[in-house]
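Student: I have a structure to read and I am not sure how to begin. Can we go through it feature by feature?

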Amino acid sequence: MKQLLFTLLINTLLLSCEDVIQVDLETAETRMVIDASLNWEKGTNGNMQQIKLSLTAPFFDDNIPPATGAIVTVTDTNNNTFNFIEDGTTGIYNNNMFIPVINGEYTLSIIYENDRYLATETLKPVTPIEFIEQKNDGGFAGDEIEIKAFYTDPKDIENFYLFEFRKPALNTINLEVYDDEFTDGNQIFAFYSDENLSSGDLLEIISYGISSRTYNYLNILLQQTDNESGDPFEAQPATVRGNCINVTNPNNYPLGYFRVSETHIFSYVVD
């Protein structure tokens with residue numbers, strides 16, 4: 001009986017020490033979020049393109065509200081205008097007549113709730129991934145699989161690259177950006193390491209040609225969202241603004257980016 005009473009007393013004390021902490025977060029003005037990445041995969045005509053528009057939401061909200069009812073167009077240097085039509089009220093806008101041209105300049109226009117957003121970008125080419133090298137004893141502990149995706153950088157041309165390493169089975173994505181400041185004209189590689197990779201896993205490696213401005217934007221963004229910081233509530237040093245501007249009300253600036261790239265996809269099964 002004494003032991004039972006002692007156990008009940010300890011449990012009561014432990015339960016009484018549990019406090020519910022209500023985290024009060026500051027609320028900010030709702031902003032447009034623009035996900036406008038137009039990608040032309042090598043070997044395709046690139047006519048099918050998609051732009052996603054949404055609105056910022058409080059941190060603990062489960063749902064991200066779509067920006068519905070917008071007028072979305074992309075215009076090229078030949079005065080071709082491509083209308084992006086919304087799929088219902090999803091905030092997803094599609095076009096099936098896009099014409100990609102290497103080094104062509106494209107201007108995105110979005111009209112939403114009396115505000116007009118503009119962005120201009122150039123479609124950058126990309127050199128194809130040539131082959132993959134795999135190392136099975138990588139990392140500090142020697143228990144990580146390391147992947148090197150080799151490609152040859154064009155000589156005497158300033159190039160910038162975005163690499164996406166995607167594991168379809170787990171729906172995970174790792175992003176890396178590179179420039180050719182010290183590797184111009186050489187065969188080089190993009191690097192990926194993952195202790196959770198196993199033999200037989202499918203890995204999709206996608207390379208994108210990007211502009212210098214896109215490289216700088218993504219480089220800062222990736223540094224600020226480094227998942228090794230250890231603090232899920234860590235505040236970013238500053239808001240990273242993309243290349244989209246609100247010409248109607250500059251103070252109500254959007255988040256996100258407009259990018260136009262040639263891409264190359266390399267599928268690899270881990271040995």
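Student: Which residue stands opposite F150 in β12?

Tutor: F189 stands opposite F150 there. Before we go on, note that this is a predicted model, where local features need pLDDT of at least 70, side-chain atom pairs count only at pLDDT 80 or more, and totals for chains, interfaces and linings use all residues. Residues are numbered from 1 along each chain as its sequence is written, and side-chain values use heavy atoms, with hydrogens and water left out.

Student: What do the names with α and β stand for?

Tutor: Helices (H or I, at least four residues) and strands (E, at least two) are DSSP runs, numbered from the N terminus. Two strands pair if DSSP finds at least two bridges between them. Here, eight bridges join β9 to β12, and the two run antiparallel.

Student: Which strands make up the open sheet of three?

Tutor: Its order is β8-β9-β12, with antiparallel pairing. The edge strands are β8 (131–138) and β12 (187–194), each pairing on one side only. On average, neighbouring strands of this sheet are turned by 25° against each other, direction ignored. Such angles are taken between axes, which are lines fitted to C-alpha atoms, for helices over the stretch in contact; they run from 0 to 180 degrees between N-to-C directions.

Student: How do β8 and β9 connect?

Tutor: They form a hairpin with five residues between them. In its turn, G139 has a positive phi of about 80°. Six bridges pair β8 with β9 (residues 144–152) in the antiparallel sense. I132 has A149 in β9 as its bridge partner, and E133 stands opposite K148.

Student: Where do side chains point in a strand?

Tutor: In a regular strand they alternate between the two faces of the sheet.

Student: What is the order of the open sheet of 12 strands?

Tutor: Read it as β11-β10-β13-β15-β1-β2-β5-β4-β3-β6-β7-β14, with mixed pairing. β11 and β14 (245–246) stand at the edges with a single partner strand each, so one side of each has no neighbour in the sheet. Inside the order, β1 (residues 32–41) pairs with β15 in the parallel sense over nine bridges. W40 has E262 in β15 as its bridge partner.

Student: Is Q50 in strand β2 buried, exposed or partly exposed?

Tutor: Buried means under 20% relative accessible area, exposed over 50%, and partly exposed in between (1.4 Å probe, protein chains only). Q50 has 35% relative accessibility, so it counts as partly exposed. Its side chain makes a polar contact with that of N94 at 3.0 Å. A polar contact is a pair of N or O atoms within 3.5 Å; within protein, one must be able to donate a hydrogen and the other to accept it, and residues adjacent in sequence count only if both atoms are side-chain atoms.

Student: Which residues of α2 are buried?

Tutor: They are T214, Y215, Y217 and L218. Seen down the axis of α2, they fall within an arc of 165°, so they line one face of the helix. That arc is of the directions from the helix axis to the C-beta atoms.

Student: What do these buried residues pack against?

Tutor: They pack against β7 (115–122), β10 (160–167), β11 (172–179), β13 (202–210) and β15 (255–269). Contact means heavy atoms within 4.5 Å. α2 runs at about 130° to β11.
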